Each structure stands twice: as C-alpha cells, then as structure tokens.
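Colleague: I am new to this structure and would like a close look at a single part of it. Please take me through one sheet and whatever packs on it.

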Amino acid sequence: MPRRQFIADLEKAREDSLPPGIINLQQGEDDGQFEFEFIGAPGGLFEPVKVTAMIPDVSEYPQSHQYMIFCGVDAPRQVGAALQNVPGTNRKTVFELIDIISANLIRLSPDSDGDLQMQDSQSYDEEQAEDDDEDDVYDSDHEAFDLDTQQHTTPYAQFTPGAKLKPADRAFRSRIRSDLLGAKSAGFRIGHLGGLMDGYNAFVTVSIRMSKLGISEEAMQAWQVTPTDYLILIIQYPNGYKSNEELQGFDSLRVASNVGFSVCASKRYKPTLEEAIKTSAMARKREQRVSILTSDIPGPEGFVDEDALRETFISVPLNSLLQERLVPIIRYRSAGMDWRGAEEWYSDVVSKGAGPADSIPDHFFEPELLRDNLPDIVNADQYTAKGVVQYSFPLLAMQFLLRHFVRCTDYCLVCHRQLKTDLEAIKPYVCDQSLCLYQYMTLGFGPSIEHEILAQPYVVDLLVSFCYSSASGKRLKEFPDGLALMVPPVNPSQDSFVDPYAARHHGRTVAVPEKKEVNKQSESDLPVHEVGFDRDRLEILFMAKTVASPVRRGDWIVLKTKGTLEGSELHCRVREATYFPSIKVDEPVLVRQSTTVQQTTPQPANQTLPPGEFRKITPATTPKWVDASFQVYEQDFEQLDRNAKCIAICKLLDTLPNVKLMQDFLAKNRPADLKNWVERISPAALSLLRWIIASNRACIMQVDGDSSSSQPQERLYGMKGYMQFRFAMGAPDKEQRFITEVRNTTERLKLKHPTIFAFHGSPLQNWHTIIREGLHFKNTDHGRAYGHGVYHAKDAQVSTGYSGMGQYGPGYPTMQGAWPHSVLKIGTAMALNELINAPAEYVSNSPYYVVQHLDWIQTRYLFVQCSPDDEKLKADKEKMPTNSHSQDPSRTPTGISAAIVIPASAVTSSKATKTTSVGRTLGESPMKRLKGLGGFNDPIDVDGDDDADSVATDVEDLDILFEDDPDPEPMPERADSHADKDSQKAAKGAETDFVPGKLDFGKLPLMPVPTYAISGTTKRLMKELQSLQKVQNATPLADLGWYIDAEKIENVYQWIVELHSFHMIDKKLPLVADMKKKDIKSVVLEIRFNKDFPYTPPYVRVIRPRTLPFTQGGGGHIVMGGAMCMELLTNTGWSSVSSMESVLMQIRLAIASDPPAKLDPSARGDYGTAEAAEGYLRACATHGWAVPPGFKEMALGSASGGRL
C-alpha cells in the first residue's frame, strides 16, 4: 500500500543517521506530510529553520508522487528562495528528498566567519540533473504547487533552476496592494498565503458571503450551500504575482504555468495554506484528466468539518472555465466588448478560427442587459467603472466567477455557452449537444447519485417513478442521447405498453398522437443465440456449433427460457466466458412482462432468482438444461425511434434494484460507488439512473421518511395519507422575482394577506417534464375552458381528479405505467403553490384560479399519494405546526383531511413582507440595548447572514494592504540579525503616539437618534460596528490607523472616528509634521447615515483639526468646510456592497494622497456642521456627482455639544 510504504520510509529515515544539518524529523499533522529542522553546517550561524514537505496524493507514492516544500514565514529569505529552486525531487523517497534539501541548504549556510560556501564547477544541481529524467527538472514552483509542465515545453515557458525570481521591489508591491485594494473596495474579502510580496509562489483569495449574492433559500438548498458560507476564489501564482497586463501578454501555454484557479466554499473567508495547496493539486490533476480515486478536499456533500474548505457543486466546471478562458476573454474585453460579447467571440474563435481584429461583427459589441433583480455586486464590472487605469486581475476574475456562479443555470456546464431557452431551472445542466451531455456525465461534472441515494432515497424513488411513468406513457421529450448506451433489444410490437391515463382519465379515451419514425436498427438485426440454461448452476451451454464466444466477461444479456418462467426475462451479467461453449452468469434479475393492469396473483415485478430455491446443489447433481435463448445488450439507444427509446428506458429501469437496496449497498461498501455493484446493475441502467438524477432541475427535499432524512418541523397539516416533499422550481432568482411581485402588489392593493395557496394536479406521466421545465401553459392536457394560464384548485380533491388516481393494494401489486420496483408505489402527485393574493386580476378565479403571470406562482410542496409496504412510510399521522403561517381566512385551501395549515418556515415571502419595529423603551437607543446585552465583547446576533458576523480579518491580510517595507537587500543577512528584526516587528504595533480613549465626547456635536431611523438600517449599522470592533481588537493601533470608541456611541446613525498614525503611510507627509508640531494625535471625523444605508453613502466630515483649503496649498480631499470630497461618498460612486472597513481605509489613504492634507496654522476651533454640508454640496455640483436623497435632513440634523 502506498501510504504504508510512505510511513515505513519515514520511520526508517528517522531511525537512520540524518543528512548533515537535519534534525528532529517527524510526521506532520496531515496525511503525507513530514517536518524537520535545518540547523546549517557544523559551526554555522543559522538559527534552526523548520521545513515542511508534503505529498498531495499519497496514493502515488513511491512511483509518481510529487513534493511541495515550504518553510515558515520567519525563515531567512535565502532559505525560502533556495527551497523554491530544489531540483529533482519528484519520485524520491523520504530520505532521498531530505538528502537533496540538505545538500542545497548547506551551500547557503554561512561558516563561523560568516562566509557562504562556494560551489564546485560541477555542482550538485548539474550532477543531479544528469541523473534525473528530463521531466524531473523544471520550475521548482511547478513542483511546489503541482502544476502541469509536460504540456508547456516551449523555451519561454521553462524555468531555469539557476534563474532568480522577479525582485520584489517597491513598484511590484505597490501594484499588488493596488489590485487587492481594488477588490476589497468592490466589496470582497481579500486574503493571501505564501510569499506574495516577495515574488515567490503564493495564493490570493477573494471571497464573499453567499447571503450577498441574491440567491434564494431554495436555490441554496439545491446547491448545498448556506447563507453564512463564503464563496472563495483561490488564485495561484506559482511563479510570483502577475498583473493583468502581464497575463494578457502571455500565450495560453504561459498562462497555464503562471496562474491557476480553484473555486471553493467554507465558513472561513480564506483557507489554510495546506488546504490551498491540496486544492491546487486536485484542480491541476483534473485538468490533466488524471483519475482521482480519493480527494483530500471534500465535495459539497458529506464533509465532516463544517469549517473546512470544500468544493461547491459546480467547482469542477468553473475551475475549467477560469483556467481555459478567463485570460483570453479579458483580452477580448480590451477591444470594447462586455462579458457576454467577449465570451461569445471567444467561442467563435475556438470553433471557427481567429480572424482579423477589425472584422469582429458588430453584434458582439452590443451591451448586455443587466438583471435588476440581482445585487449590485453581481452586476458590477470594473471594466465599466470610471477613471480606472490599471485593472485588478483578482477583481476581474471574481466578477467573472460571480457571473457564472449566480447565473449558472443560464449556461451549459460543459461548453459554457449561454442557453438559448426560455425554460427556467433551479439547478444548472448542459445544452442540447450530445457531446456536452456525454462529457457532463463522464467527467464528473454532474451530481453524485450515491450521495442522493444515501441522503434522500425517496426523492430518487420519486424521480425514477416520474421518468418511468413518462416513458410508459410515451411523454418523454428529452432522451439520454450521447451517452453511448447499449440497451437490451427492443421489439415495439411485443414490448409496447398500454397508456393507463389515456384509457382511464375521466372515463374516456384520449388519443395521444404519435410521430411515426423508423428505427435505424431493429431487433431482427441483432443475433439470437439458442442455448441451454441450468438454473441451479447459473450456467449457459451453447448447443449449436459456434466458432467463437459471442460474449465476453462483463457483458450483459437478456435471457428468455421456456417453462415456469416463460414470458419473463432474465437479465444477467456474464461472469466467466473462458470455458466456452459453457459460460457462467451472475444471479439473474427477473423481469416479469405484463400488459394488463390487474394480476390475479401478486408477484414482484423485479427480483433476483431466490438463491435458496434454485441453488440446492450437491456433488451428484446432474445439470438440468432448459431450452432458452438470449441476446446481448448491443442495441444502440440512439438508433431507436422515440417510441422504442421509451420502451428501452422502461426495460432498463425494470432491472434496477429499489432505492433501499441501493442505499444498503452503499452503506456497507467503501468506496460508496454503485459502479462497483457490477453483478446487479448494468452499465446502461446505471448511466440512465445518473441521467435521471442529473437532469432534474428542481429542488426536492424530503419532509417525510426515515429519521435520518426527514424534516418533521416542515410537515404541512391537512394532507393525511400523502407523503410530503418541499418543492421549488424556476431560476435561482425566481424567488426574488416572486417576492418583488408580492411587495409591489401588497403595496398597490394594501393587502393584509399578500399571498394565498392552491393545488395544481397533473398525471404522473407529466411530472418528469414539469420538474425540468417548470410550470407553464404551453401544452394543453385537459382543455382550457377558463382561459390561458396555470390552473389551480382550492380543494385537493379536485386536483386529485386531474392527477389520474392510480391504485395499489391486494390484487393490484403494480399499477400499469408505474415503476414496478418503487418503494413508495406512487399513485398520484400534486403540488401546493403560493400565489399572489389578487384573484380579481387572474384570467379566472372561479371555479379555478387561472394565473397567467408565472412570476405570481411559486411552488412550495409536492404531495405524493403512496401505498408503501413499509408502515413507517405511511403518512397516516398528522401534527399541527407549532408556528403556522397566517393565511387569508376567506381563501384557505382545503386538503385531503382538513383545511391546510402551513409551517411559517416553509413560506419565504412572509419573511420578506413582514415589518418589525425596533422595540425599545422611549429614549433608549439600539446601542444602549446592545451594551446591556454584553456589548461588543459578547455581541447579539443581529441578522446572522452577512459579512459582519464573520471572523475578523487576519492581521497579515490587513498588513499587506497598508504596509510597505523597504526594498529587500540583495545580499543575504546574517542569521543573528533575525532576532533583532523579530523584536522590532513585535514592537511595531506600539509605534504610535496615539492613545485611545482620550477624546472628550462632551465637546462634540452629538445628535440624538433620528426620527427617520428604521429597524433594517439600524441592524445593518450595528453589524457594521460589530465587524469594525472585531478588526480593531485584532489589529495593532498603528497598523490599523483608525479608532472607534464604540462604548461611547449612543446613536448608531452617528459615528465618531479618529484617524491617526499617518506616519505609517508616509513619514514625509506634511500632515505628520504639522500634527507633531501642534501636538495633535488624531484627525476626528463625524460619519452620519440616513435611513437608506447601505443603498446610499454615509456622509463624512472632519470635525477637527482644520486644514488648508485646496486654493491655499491644502488637499487630502478635504473641502473648505471640512467635508470629504470623494466620489465614493456620493450616489454616483457609492456601491451598496462597500463595507465601512474599506470606506475608512480609503478615506485615510485619500487624506494622505497627493496633494496631501496640511493643517491650517492660524485656525481656531472646529469645523461647523452647516459649513461642512455647504462644502459637500458645492463639491458635488462642481464635479457633477449625485447628492444622496435626504442629505440635508441627515447632515443638518439637530446636534448638541457643538456649534452649527
């Protein structure tokens, strides 16, 4: 075993004598990781350096594994650089790797005189390179982050081991800061890992909370994410950071070796270094189409640690999209196209070849209409922002990702082209090209059916039952073409089904017109083999002379015998074909054929042969041959007509075991993969099952069922005897569109109850299509006597009649047209939909609700009438919800057993339309109530779904945005100098003369809680303060540069902020000298908010000290009067996704920007409220910026303690 070999080699290395300079070798925390310390050559002056080596995939050890090598952040710079350039480490054992590292680092270790050792003319690198294979010698950064180099053999894509990385000079670091600040200012959280500012291999992470993306709760459930999760884009720079302009200059080969992408989700805003490395390795292997048996990065389903990094449900296709297309698409955008035009032009270039740049058709430059229902941050585009000269690649990459994540249902998951269809889905899928479907199913882009069966077996039963009913009724519109299915031979004349719905619906026959097609391949074209079959020995004997065996091991056949099983089919797998003319088969699956609804003797329609009855074998047993014939599964599914395809689908589903058997198999076997059940499920049947589950574009969640998957708190009252499922359809923004219509109609009609509920029934054969296309009224099944629209009934019994009631029970073990092996044994299905309460505006409101506006309809529940054998699945018991949704008493629908009562948790619209007041004692501010509950050290959870509730930003991520260290010295430093540096670095946080808590609030113009305060804005501002307090508590004062005394803030709509430590930006700033001369420790700001925050900007002004106006040599974006003159703080430049942390950061930088602010040497007193407001309005008029509504009420509100 590879892992066992790795552990054995590690233990052997620990027991043997270690190479020079290596001590304390031990196993690391993660699998495939080990650590050791390097102390240098004997007599050297190095302090011990901790080195970590990790194998991303231990299953490759010791044949094809690769190592990732890194050291701690406090290690000497030359050691870190040397570890980036260690050649020839691939496929080496643990001891060999340590020996190579020792030899490389010994040369860097200074001797007792402080001199570096000189290399011989034949260095170790050259000797090692001659011994290693050619593909072992490549860029150390490729090795460190497991990037593909075999595809990039051009000279400019190679990296010479002796070459130096790009020096991390001040301009280089300044560009990194600029790019990251751009992304942070746009509303994203920024993180970094590795040697980013030193030009080494590193990661940049850009993240955002799911709750900010405008995704409905139903879509989040379907996508297996939560509102508190972060969507994280991990950008890898294996050869050092590359700007957008640099990447645009690379060809596709060089792009792949200089940048990589991974899309993940986590409760944290950035991963650990180990998680990022493993994610990088997995993404690269998928790009190389390497088979991955096990992954260290959990998928969206079934992860153990909820805080751990995991892949999203579409990480694989998104990683591929970003890696292959992002850079060229951004390059095309520079020609003036938007995202849509650039993507379509890229697809044209790839499919038809590139043409002259001046010959791009005009339609590629037509602007795309933005969706108003999506948040600003999803529609935001840095390319359309004003005044941007240098574009931030991390920001552009994240904006491109959001476009394809939030709107994933608009695009094919394989070719990534925008789907040309009006159908809406809550889950993404592929376009109608058969190649896309094949890649989707075979490359791992689709959902895990194993997870679905383990987590929601009855949903899988439901989906298969719907497909079977649709196929038996010949109502399927889409087929699994492109999957190369080889199915059992089909004879339409013998295998046809009677449509039970046409014969039984309302006592009359409804003819279903069929399109006559001709099979390109018929059953007569496939050979029939006459054989003898021994049922006891599971052996087949060829009686006639045959030159060669017509089957191989693993082939599936359909066997027909004469006698007791005549008229039935035995589907089985060939287990052994070596001893032809005798072959062995696995235990067959018995499929009984029936063309009538009623059977006199109850018989399971799908079973394996009873082993106890047929396999009583003794040594003296004589074979009992029964005349039989068989055909091989070699009918090409795509060569069949629509009718024959429906029959083939039913045949394959007849062979499947029920979902509980599949669930038991997966629970008992590891890895849990149905493809390992080779003797029971044919490859064709498994592919069909995957297609049924993957093509479901609705969100269906179990409510009833066993305790492991049910959600009893969501069960609706009044539908006794019906199994319940939560049900949602439509695009991810469908819920938001519905809520918008609810709000508009409620306000327009002054509704007390904004919505009502009603039932929609349809025959089982229609539901396979409904859950893929959504509710619409393009087809007519029952006539339209009351107009065009979606029909709804107020009484469940009425919808039951339109659902085509089926029958199970004694004498009726299977219903014609139903999946015979269903655990649920579904007879009928209907949906409960939420409608906007405006019946007078429907097409008709009596006797049915006929709703013509699809955005006025939202599905909530799916009810299924079942006849299961398991008593636990019978929904005979009902319980009234403890917290019910308030309904219109005059329009409450009637269920099967009583008027329905709906749990409030199931109705999203009620949360959206509910208004709450800020309950408080007269004169008590929300800030006082917060302090009474424990203050910021023990904050209340105001809302629970925004970035303000996230963990504090890491200090190193804040440092990288503000600090700028001196340029690195080219010569290596002595090891003993690092202790001094460390002590200086530790004391850096105290390097300021600012002392918090000294500001006298009694002399400031404080205003009371404004009359315009509303609960939503109040909660948002409290969360912003909580977030800032977390950052402030975790960051040294000098590094942060601002201070808020939250304990003294009585009005959440007015903040007092002190800006300080401007010397950390630039010691030569005039403001630094002026403040020192006047003994002023901080610049005091007042920030006010109006009721529309965060959709309108805050108002920011300087209270003290006074500064020189621009006309007298001042600056710093401070106008005469003290207001801040920044487009960001106007309606023109404000973005609702901006956090106050980023706003404070930008204000502080603006004050220090050229021309910087200077204190007025002759000024006395503070700025007044009125003069600041006048200055702000004057600046907006001068620049043409939009003034926020309600500005005067906000800026000139009554104040006390200061003058106006």
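Modeller: What follows is a description of one sheet and of the helix that packs on it. This is a predicted model, in which local features need pLDDT of at least 70 and side-chain atom pairs count only at pLDDT 80 or more, while totals for chains, interfaces and linings use all residues. Residues are numbered from 1 along each chain as its sequence is written, and side-chain values use heavy atoms, with hydrogens and water left out.

The sheet is open and consists of 4 strands in the order 27-28-29-30, with antiparallel pairing; strands here are DSSP runs of E with at least two residues, helices are runs of H or I with at least four, and both are numbered from the N terminus. Two strands count as paired if DSSP finds at least two bridges between them. At the edges lie strand 27 (1042-1044) and strand 30 (1099-1104), each of which pairs on one side only. From one strand to the next, the twist averages 30°, where axes are lines fitted to C-alpha atoms, for helices over the stretch in contact, and angles run from 0 to 180 degrees between N-to-C directions.

Strand 27 is joined to strand 28 (residues 1054-1059) by 3 bridges in the antiparallel sense, and I1044 stands opposite V1057 in strand 28. Helix 34 (residues 1140-1152) packs on this sheet, where the helix touches strand 27, strand 28, strand 29 (1083-1088) and strand 30, contact meaning heavy atoms within 4.5 Å. The direction of helix 34 makes about 45° with that of strand 28.
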